[in-house]
There are 2 protein chains.
Amino acid sequence: MEIPSLYLERAVSQFAQLPGIGRKTAMRLVLHLLKRERDDVDAFADSLHDLVNNVHYCRVCHNICDGDICGICASQSRDHATVCVVESIQDVLAIEATQQYNGVYHVLGGVISPMDGIGPQDLEITSLVERVAAGNVKEVILALSPTMEGDTTDFYIFRKLADCHDVDITTIARGVAQNDQLHYTDEATLGRSILDRKPFRG
Amino acid sequence: MEIPSLYLERAVSQFAQLPGIGRKTAMRLVLHLLKRERDDVDAFADSLHDLVNNVHYCRVCHNICDGDICGICASQSRDHATVCVVESIQDVLAIEATQQYNGVYHVLGGVISPMDGIGPQDLEITSLVERVAAGNVKEVILALSPTMEGDTTDFYIFRKLADCHDVDITTIARGVAQNDQLHYTDEATLGRSILDRKPFRG
């Protein structure tokens, strides 16, 4: 598909580099932008410039923010003795959306994945250990995805924190999902949910 | 989902305005951009600025181009007496990709669609009639999508060109698609393919 305009070609190539967007979709998006007002598209471009040039990561928890420290770490009403370890900013948003958590976070920036060339040194694990070793943390909640990579990272962090005696290390509960049909639940999940059964509170 | 950074929020909103992209996908794309080199993202933003500020439409056929006249209209090796009427730039690219057409194009910029508020005056129909009336065109091929809107537009153009006596008006063939299973073909298409049967050339 030979594109008749250099500028069109460049914009399409840029969109096509995004994950999950092929050249046909990229073309559709760019032609959509061409139909919009020029100011709208300039605003789109400016938002990308601003994003990469102005966005910061929180010095404490590595969540995304506009200043030095994020709103959650700066808040007086949050429980700073409880630290929830998550993989990404999206996970922070997902947990915040539940409105069930009042502690603070620590964003690793990924999980250990040798297949993708991601080792512990690529993640914010050292800063987590320093943060816990500083002494004000009572509980570390490991809230990584229940995948092989997530479990590996859980174990790695658990060992790294072994010297911090006064800290409880917990993981989020795993079991059958709310509203799932029991007979459609996979064996590993169902097996785990039986082993981890808990007293019924009527 | 409350986003902790104004700049992140703005970029996500911009992506979420694109067709077929919701807020979750927008967030994924923006977080992907944040992982890229700053220069890459600046290049992305610049490509959008350049697109809306530098791209032109061909004075003759309204295809997208970087100058005054597109490469196809400027080419000496194309047959300028045959004009293929298409809905969009994407259709030009699709027909060019077949390598079966050596004429020129006329991009309408859409089809007549009262439901979407698009009337004949919103399309490049007047310029088509003027182009044909100028006298150098021998054949007009109507290559719009075989939908109700496309058919309506076909008829409208056919009537508008009725005064141009020396011009053949044709439409692209409709029938069963290459490699389609006959029993999966819809009734309208199959019916049309029987009515429009042609001599077998063995």
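Contact here means heavy atoms within 4.5 Å of each other, and the structure to which the exercises apply is a predicted model.

**Exercise 1. Surroundings of A:E149**

Determine which residues A:E149 touches, leaving out residues up to four places away in sequence, and decide whether A:E149 is buried, partly exposed or exposed.

Solution. Begin with the location: A:E149 belongs to helix 7 of chain A, which covers residues 148-160. Once residues up to four places away in sequence are set aside, A:E149 touches A:V111, A:I112 and A:S113. For the second part, the relative accessibility of A:E149 is 27%, so the residue counts as partly exposed, given that this class lies between the limits of under 20% for buried and over 50% for exposed. As a last step, take the distance to A:I21, which is 128 residues away along the chain: the C-alpha atoms of A:I21 and A:E149 are separated by 26 Å.

**Exercise 2. The interface of chain A and chain B**

Describe the contact of chain A with chain B, stating how many residues each chain brings and which helix of chain A gives the most.

Solution. Start with the extent of the contact, to which chain A and chain B bring 50 residues each. The area buried between the two chains is about 4,900 Å², and carbon and sulfur atoms give 70% of that area. Turn next to the polar side of the interface, where the rule finds 14 residue pairs in polar contact, both residues being at pLDDT 80 or more. On the side of chain A that touches chain B, at least two residues each come from helix 1 (6-16), helix 2 (23-35), helix 3 (38-54), strand 2 (64-65) and helix 5 (89-98). Helix 3 gives the most to this side, with 16 residues. By residue class, the side of chain A that touches chain B divides into 30 nonpolar, ten polar and ten charged residues. Finally, two salt bridges are found across the interface, and one of them joins B:R10 to A:D50, with the closest N and O atoms 3.8 Å apart, which falls within the limit of 4 Å.

**Exercise 3. A serine in helix 3**

Establish whether A:S47 is buried or exposed, and which residues of chain B it touches.

Solution. A:S47 is found in helix 3 of chain A. Its relative accessibility is 5%, and A:S47 therefore counts as buried. Across the interface, A:S47 touches B:R10, B:A11 and B:Q14. Within chain A, a polar atom of the A:S47 side chain lies 2.7 Å from the backbone oxygen of A:F44.

**Exercise 4. A pair of helices from the two chains**

Work out at what angle helix 5 of chain A and helix 2 of chain B cross, and which residues meet there.

Solution. The axes of helix 5 of chain A and helix 2 (residues 23-35) of chain B come within 11 Å and cross at roughly 145°. From helix 5 of chain A, the residues A:I89, A:Q90 and A:L93 meet B:M27, B:R28 and B:L31 from helix 2 of chain B. These residues divide into four nonpolar, one polar and one charged.

**Exercise 5. Positive phi at A:H62**

Find the loop in which A:H62 lies, and decide whether A:H62 is buried or exposed.

Solution. Most residues other than glycine have a negative phi. A:H62, although not a glycine, has a positive phi of about 70°. The residue lies in the loop between strand 1 (56-57) and strand 2 of chain A. With a relative accessible area of 17%, A:H62 is buried.

How values were computed:
Residues are numbered from 1 along each chain as its sequence is written. Chains are lettered from A and ligands numbered from 1 in the order in which they are written. Side-chain values use heavy atoms; hydrogens and water are left out. Buried area is the accessible area (1.4 Å probe) that two parts lose on being put together, summed over both. A salt bridge is a side-chain nitrogen of Lys or Arg within 4 Å of a carboxyl oxygen of Asp or Glu. A polar contact is a pair of N or O atoms within 3.5 Å; within protein, one must be able to donate a hydrogen and the other to accept it, and residues adjacent in sequence count only if both atoms are side-chain atoms. Helices (H or I, at least four residues) and strands (E, at least two) are DSSP runs, numbered from the N terminus. Ala, Val, Leu, Ile, Met, Phe, Trp, Tyr, Cys and Pro count as nonpolar, Asp, Glu, Lys and Arg as charged, and the others, Gly among them, as polar. Axes are lines fitted to C-alpha atoms, for helices over the stretch in contact, and angles run from 0 to 180 degrees between N-to-C directions. Buried means under 20% relative accessible area, exposed over 50%, partly exposed in between (1.4 Å probe, protein chains only).
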